[in-house]
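Got your viewer open? Let's walk through this one together, one selection at a time.

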Amino acid sequence: MQQRTFSDEMLNRPQPGLIDVETTLAHFAVITYLIDPDVARQLLHPRFQLVTVMRDGREFGLLSVVPFVDQDFRFRFCPWLKWQFGQTNYRVYVRDQKTDELAVWFLGTSLDSWTVSIPRHCWKLPWHRARIEFDCEYNSTEQRYEHYRMKTTNSWADAQVELSDTGKPVTELDGFPDAETGLVVLTHPLKGYYFRRDGRLGSYSIWHDRLQMTVGQVQSAHFALLDQMQLVQSSDLDQVHSVLLQPTTEFTIYLPPRPVEGDLSDKAAAV
């Protein structure tokens, strides 16, 4: 795999506009699985190449489940209006063959808020209403989680996970030439692509600073979506690639998400 570094372009925030969103994310976790590359490739638009790593002489794709709490989701034109809700993203790591940029391919998102109807119906995003509960305790003195639990119900992607936290910084990531390459791939894709609910290719952009994450472990997990799509058995902890944790971080979301012109798809629309 080609080495990657955090460039100035990645770390300099594009100036947000009035309709863009700023939000503080809490309990931000990146739980990455090694997945079947043949199954994963069937889910992608042909424009994108699956990012893969090798383990024990076998090729795997990478998929992350990313749970967090939006603590103060707010539009820049009315920052006094704030929303709080749980969210879980399911994303596969890809390379855009047109631009050579690293990106994520979104399978979908669970959102614990009535506001899910806006991205779902107005922008055709594959987002789904859910009930998401977090039970987390962070030790600020030791700078690690005492416990981290998340449960999603009443959703297209029911889930339950318990994590532990070493409190130690990332020094290596399996399958990557160095830790920085792994962190660029897993934590810093700033563009996402997906099949819209009308079947067209969609895209959106975000920005956040370089994350300062600690290494965690999965104690138990069940992600129904991964099992149903036959990407991986989520309860098989041997297939967990890595767990990265950060108690809070600031994100900017650039709106609106847009269809990608000239990239129509014959895929069925997302559910």
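Where in the chain is Ile19 found? Select it in this predicted model and you'll land in the loop between helix H1 (8–11) and strand E1 (21–35). Ile19 counts as partly exposed, at 45% relative accessibility. Now add Leu18 and Phe77 to the selection: together with Ile19 they make a nonpolar surface patch of about 320 Å².

Next, the charged pairs. Side chains of opposite charge can pair when their charged atoms come close. Searching the whole structure turns up 16 salt bridges, so pick a few to look at.

Start with Arg55 and Asp174, whose side chains meet in a salt bridge at 3.1 Å, N to O. This pair links distant parts of the chain, 119 residues apart: Arg55 sits in strand E3 (residues 52–55), and Asp174 in the loop between strand E10 (159–169) and helix H4 (179–187). Arg55 is partly exposed at 22% relative accessible area, and Asp174 is partly exposed too, at 37%.

Jump to Asp135 and Arg149, a salt bridge with its closest N and O atoms 2.8 Å apart. Asp135 is in strand E8 (residues 131–139) and Arg149 in strand E9 (residues 144–153), so the bridge ties together parts 14 residues apart in sequence.

Now select Arg196 and Asp198, which form a salt bridge with closest N and O atoms 2.6 Å apart. Is Arg196 buried or exposed? Buried, because its relative accessibility is 10% and the cut-off is under 20%. Its partner Asp198 is partly exposed, at 39%.

Last stop: show Arg4, Arg95 and Asp100, which are linked in a network of salt bridges.

Terms used: Residues are numbered from 1 along each chain as its sequence is written. This is a predicted model: local features need pLDDT of at least 70, side-chain atom pairs count only at pLDDT 80 or more; totals for chains, interfaces and linings use all residues. Side-chain values use heavy atoms; hydrogens and water are left out. Patches are made of residues with over 30% relative accessible area and no salt bridge: like charges are joined within 9 Å, nonpolar side chains (Val, Leu, Ile, Met, Phe, Trp, Tyr) within 5 Å. Accessible areas come from the Shrake-Rupley method with a 1.4 Å probe; for residues, only the protein chains shown count as cover. A salt bridge is a side-chain nitrogen of Lys or Arg within 4 Å of a carboxyl oxygen of Asp or Glu. Helices (H or I, at least four residues) and strands (E, at least two) are DSSP runs, numbered from the N terminus. Buried means under 20% relative accessible area, exposed over 50%, partly exposed in between (1.4 Å probe, protein chains only).
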